[in-house]
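Trainee: I would like to learn how to read strands and aromatic rings in a structure that is new to me. Could we go through it together, one feature after another?

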Amino acid sequence: MTKTPKRPAAGLPDKDTLIAFLREAGEAQKADIARAFGLKGVERRQMREMLKTLEAEGALGKRGRKGFSEAGALPPVGVADVVDRDADGELYVELVKGGEDAPRALLLPDREGKSPAPGVGDRLLVKFARGAEGWEARLVKRLDAGTNRVLGVIRKSARETRVEPVDKRSKDVLLIPSAQAGDLRDGDLVLASIEKGDHRYGPKRGKILERIGREDDPRAASIIAIHAHGLPTGFSEQVEREAEDQALPTLKGREDLREIPFITIDPADARDHDDAVYAQRDEDPKNEGGWVVWVAIADVAAYVRPNSALDREARDKGNSTYFPDRVEPMLPEVLSNGLCSLKQGENRACLAVRMIFDKDGRKTGHKFLRGLMRSHAKLSYEQAQSAIDGPEKGGGQDDVTGPIMDAILYPLWNAYSTMLKGRERRSPLAIESPERKVLMDPGGGIGAIEPRKSLEAHRLIEEMMIQANVCAAETLEKARTPLIYRVHEAPSQEKIFNLADFLHTIAMPWNKGETPNTRRFNKLLDETRDGPHAEVVNEVVLRTQMQAIYSPENVGHFGLHLERYAHFTSPIRRYSDLIVHRGLIRGLNLGSDGLTDREIAELAAIAEQVTTTERRSMAAERDAMDRYIAAFLEDHVGATFAGRITGVTRFGLFVRLDETGADGLVPVSTLGSEYFTHDDRAHALVGERTGKRFTLGRRVEVKLMEATPVTGGLVLEMISEPDPRDPNAPAPRYGIRGRGGDGPPKRGAKRPGGPKPPKGGRPSGGLKGVRKGKRR
């Protein structure tokens, strides 16, 4: 593909004219040059001689078999390999079959932000252009999506060097040539590519692309997750310069909110504080018993301007990603932990919303403004909760002073109590999602794994943030300014049918024909909350829900039971919120740095991009957690643990351990001496001869057989006996049979008793593989 330059004057060109033509065209073959200049006969032969001379002088370079280009030039469009990553995280590409003189080019993201971040070893289609500091390559699309790359660990022996993949689903063990193996050490974490060739026999051949760490590094879990999921890391020098060049905020174009006693309430280890709150009784006599609630959010849009280097890299990252030992932030530290962080006692630019609630918790009005604020106190969730609880509930004021209690905390809690009336009337989904956190010790190892506490202070901040997000969506709709919504669709009919089938197995009624709504789900959760099936029903209801996404089209938020909802409250760590901030600035005429026409045209692409980056981060965080837990349990192989069956599949049972929240697999082949068949309707593995069963949600005891930190895999052995046959259970609907401990029957052997699975029966994965999260 070449661009067509304007037609030059006819006749044999001189050398400078020919070079200028090739510079504009990018590359051209001899026939193209002759046609462009109208050359025939003798002039064609003279042109060919001129090309030979210019090539010998080093002024031209070959492109492919017949093409020519200016020396050191690249074609307008070409296929390139990602060959290097510098210290700032920038990627560089080389043109495939570009010749020895083809330069490297700095890789830029695609303009629409649709493609996930590539990595070293990926093959891409790119557009080349000369930039101010050299050649640049703009990503068009990925051609192989990294399928030829393997992230793995070096295993060396006296005879060979191999790369064993860290992805437990991958079978691509690579053999590394001895010429490359000399500098490698056993246990090195590497990125390797699969070399082309005939791999039908023996291991595939590999080439080392990058050494990224050590298997025994306490931080290896995060390093592996970052590289395995292609998370962009670090910032370019240009972005760091832009961040450092920002000035302290002033009152110009802002309202002075510094006398309002805002406070921040965050996790104890938080370094970036992007939201602050304050509440006071409404003095309007027409709203007796009502409250005014303020939510102030860091004004990131004042520092990250559209299409700046800061903006482009923030969009590429999409969001911050959080690991137990580190954060990969969306913005450089000078902003995320500095100018954009609402630090106690320091002036900060903010975008604030003043909300009014009546005595019944109904929001009756709101107003956005751009201001200058100063946080009056920084509290952790635990500090705030302990102060409110007081000594009579086992708490205490700690270092929370009396004035803060009387002027700030008590009003906040009283306002929240009023807002709860509106929340209860709305009836959002009341699913319980227990989470675990990894505590690192001073040496970088794993100190402990413990449940993450759920406090009333968490719920207070969550409800105030939800209401601020609703206000943002309502305001932008009223101003007729396009926006990115946070949408959550109602469960699909198939999911509802599966839920009803399962509930039938535990004698809980559910009408398949009724329209799903949050009140119905909450009624089910309430009815089972104190019974033996409470945990499994909570889990099944959670897995019945769809995933929330970003979209310029509004379909409402099912889980929160809201007609319109947008993310506004975390612009330091989510690009979606920054876009909503810019929309408010544009729609309310709050400055010149609002949403641009170009961004409005690209909203669909931005929404798709930030949805993709969010899921990428969620997957990376989940994988890192699995690896940290496996490393923590590695010294406990052989120990027994209590747990609960959280997934039933044809190949085994997933069991979540009570102590750590870890998920491990009990392979079906280890369950006993008979065949166990997967009944997907009952979510059970059923013995075909005895009818004994292991069902979803059952409490069990297991032994830890394997813990592999590099893959995050846990293999368990079932100690508990299966439940006896249930004479009242409905006729099972079989999926694909699992293989028991005796193996498959010999040819001609009589099949063990039990119903025969239907021909062409649909295999079912049960309810496995869905993780918890609170990204509303």
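Mentor: We will take a barrel of strands and then some aromatic rings, bearing in mind that this is a predicted model.

Trainee: In what order do the strands close into a barrel?

Mentor: Strands of a sheet pair through backbone hydrogen bonds, either parallel or antiparallel. Here 5 strands close into a barrel in the order β9-β10-β11-β13-β12, with mixed pairing, and the twist from one strand to the next averages 50 degrees. To follow one pairing, take strand β9 (residues 149–156) and strand β10 (residues 161–165), which run antiparallel and are joined by 5 bridges; Val 153 stands opposite Glu 164 in β10.

Trainee: Which strands does helix α5 lie across?

Mentor: Helix α5 (residues 220–228) lies across β9, β12 (188–194) and β13 (204–214), and its direction makes an angle of about 130 degrees with β13.

Trainee: How many aromatic pairs does a search of the whole structure find?

Mentor: The search finds 7 aromatic pairs. In one of them, the ring centres of Phe 521 and Phe 558 are 6.2 Å apart and the planes stand at 90 degrees, so this pair is edge-to-face. The pair links distant parts of the chain, since Phe 521 belongs to helix α13 (residues 518–528) while Phe 558, 37 residues apart from it, is in the loop between β26 (549–551) and α15 (575–587).

Trainee: Are Phe 521 and Phe 558 buried or exposed?

Mentor: Both Phe 521 and Phe 558 are buried, and ring pairs link them with Trp 510 into a cluster.

Trainee: Where does the charged end of Arg 486 sit?

Mentor: The charged end of Arg 486 sits over the ring of Tyr 550, 4.5 Å from the ring's centre. Lys 317, in turn, lies over the face of Phe 235, at 4.5 Å from the ring centre.

Key
Residues are numbered from 1 along each chain as its sequence is written. This is a predicted model: local features need pLDDT of at least 70, side-chain atom pairs count only at pLDDT 80 or more; totals for chains, interfaces and linings use all residues. Side-chain values use heavy atoms; hydrogens and water are left out. Rings of Phe, Tyr and Trp (its six-membered ring) pair if their centres lie within 6.5 Å; planes under 30 degrees apart count as stacked, over 60 as edge-to-face and the rest as tilted. Helices (H or I, at least four residues) and strands (E, at least two) are DSSP runs, numbered from the N terminus. Buried means under 20% relative accessible area, exposed over 50%, partly exposed in between (1.4 Å probe, protein chains only). A charge sits over a ring if NZ of Lys or CZ of Arg is within 6 Å of the ring centre and within 35 degrees of the ring normal. Two strands pair if DSSP finds at least two bridges between them. Axes are lines fitted to C-alpha atoms, for helices over the stretch in contact, and angles run from 0 to 180 degrees between N-to-C directions. Contact means heavy atoms within 4.5 Å.
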